[in-house]
Amino acid sequence: MKNNQKSILDYFGVNSQKELLEFMQENPEDKDVLLLKELLIRAENGGDSDE
C-alpha cells in the first residue's frame, strides 16, 4: 500500500478503502470528508485549478 494512501486511512481511523467509503457515506457533512471529496474531484479532473 502506498504511504500517502495509508496516511489517509490512518487519518480517518480506518483500515481499508472500503471502510473509508463507508465512513464517507455515514458522515457526508463531515468537514474532512467534504475536503477529501473535493480533492478527489480535483485530482480526477486533472489538477487543482480554481476555474
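Asp10 is partly exposed in this predicted model, with a relative accessibility of 49%. Its side chain meets that of Lys6 in a salt bridge, with an N to O distance of 3.6 Å. Lys6 is likewise partly exposed, at 32% relative accessibility. The two residues lie four apart in helix α1, so about one helical turn separates them.

A salt bridge with this sequence spacing also occurs in helix α3. Here Arg42 pairs with Glu38, and the closest N and O atoms are 2.7 Å apart. Arg42 and Glu38 are four residues apart in α3, and therefore about one helical turn lies between them. Arg42 has a relative accessible area of 28% and counts as partly exposed. For Glu38 the value is 35%, again partly exposed.

The structure holds three salt bridges. Besides the pairs in α1 and α3, one joins the side chains of Lys31 and Asp32. The N to O distance in this pair is 3.9 Å. Lys31 has a relative accessible area of 65%; because this is over the 50% cut-off, Lys31 counts as exposed.

The chain contains three helices and zero strands. From the N terminus, the order of elements is α-α-α. Helix α1 covers residues 3–12, α2 covers 17–26 and α3 covers 31–44.

Of the 51 residues, 14% count as buried. The chain exposes about 4300 Å². Carbon and sulfur atoms supply 50% of that area.

In soluble globular proteins, nonpolar side chains tend to be buried together. In this model, the largest nonpolar core has seven residues. Its members are Leu9, Phe12, Val14, Leu20, Met24, Val33 and Leu36. Each of the helices α1, α2 and α3 supplies at least two residues of this core. Leu9 and Phe12 fall within the span of α1 (3–12). Leu20 and Met24 fall within α2 (17–26), and Val33 and Leu36 within α3 (31–44).

Met24 illustrates how residues of the core meet. Neighbours within four places in sequence aside, Met24 is in contact with Val33, Leu36 and Lys37. Of these partners, Val33 and Leu36 are themselves members of the core. Met24 belongs to this core as well, and its contacts with Val33 and Leu36 link a residue of α2 (17–26) to residues of α3 (31–44).

Key
Residues numbered from 1 in each chain as written. Predicted model: local features only at pLDDT ≥ 70, side-chain atom pairs only at ≥ 80, totals over all residues. Heavy atoms only, no water. Buried < 20%, exposed > 50% of the residue type's maximum accessible area, 1.4 Å probe, protein only. Areas by Shrake-Rupley, 256 points an atom, 1.4 Å probe, with all protein chains shown as cover. Core = buried A, V, L, I, M, F, W, Y, C linked by side-chain atoms within 4.5 Å. Contact = heavy atoms within 4.5 Å. Salt bridge = Lys/Arg side-chain N within 4 Å of Asp/Glu carboxyl O.
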